[in-house]
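Here's a quick tour for anyone meeting this structure for the first time. Have a look at the sequence and the model, then read on.

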Amino acid sequence: LYKYELGDKVSDHDAIILAELVAMHPEAAEKIGSGIRSFSVRTADFNTRCFWVNRTDGSTEKFSFRACY
């Protein structure tokens with residue numbers, strides 16, 4: 001999460017890992033939505049860093065990797 005600057009797209013290599021993680025999220029279907037195009041790092045609630053799913057339909061959704069277990 002902290003190896004990227006805010007607004008950066010996550011590398012293809014790291015995206016493979018994130019896709020596996022988000023699939024384990026308790027709200028995976030809602031987070032993935034129409035499908036995953038890519039991931040990025042942006043701010044979320046309380047100005048904290050967060051991974052975002054960039055979906056194939058152009059929408060985005062934040063997710064916490066800590067919820068993915």
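## The sheet

Keep in mind that this is a predicted model. Let's start with the pairing of strand 1 and strand 2: the two run antiparallel, with strand 2 covering residues 49-55, and seven bridges join them. To see one spot in that pairing, find Ile36, which sits opposite Arg55 of strand 2.

Zooming out, the sheet is an open one with three strands in the order 1-2-3, and the pairing is antiparallel. Strand 1 (36-43) and strand 3 (60-63) are the edge strands, so called because each pairs on one side only. From one strand to the next, the twist averages 30 degrees. As a general point, the strands of a sheet pair through backbone hydrogen bonds, either parallel or antiparallel.

## The helix across it

Now for helix 1, made up of residues 12-22: this helix lies across strand 1, strand 2 and strand 3. Relative to strand 1, helix 1 runs at about 90 degrees.

## Two residues in the loop

Most residues other than glycine have a negative phi. Phe46 goes the other way, with a positive phi near 60 degrees. You'll find Phe46 in the loop between strand 1 and strand 2. Is Phe46 buried or exposed? Its relative accessibility is 83%, so Phe46 counts as exposed, the cut-off being over 50%.

Asn47 is in the loop between strand 1 and strand 2 too. Its phi is also positive, near 60 degrees. Asn47 counts as exposed because its relative accessibility is 63%.

Definitions and conventions:
Residues are numbered from 1 along each chain as its sequence is written. This is a predicted model: local features need pLDDT of at least 70, side-chain atom pairs count only at pLDDT 80 or more; totals for chains, interfaces and linings use all residues. Side-chain values use heavy atoms; hydrogens and water are left out. Helices (H or I, at least four residues) and strands (E, at least two) are DSSP runs, numbered from the N terminus. Axes are lines fitted to C-alpha atoms, for helices over the stretch in contact, and angles run from 0 to 180 degrees between N-to-C directions. Contact means heavy atoms within 4.5 Å. Buried means under 20% relative accessible area, exposed over 50%, partly exposed in between (1.4 Å probe, protein chains only).
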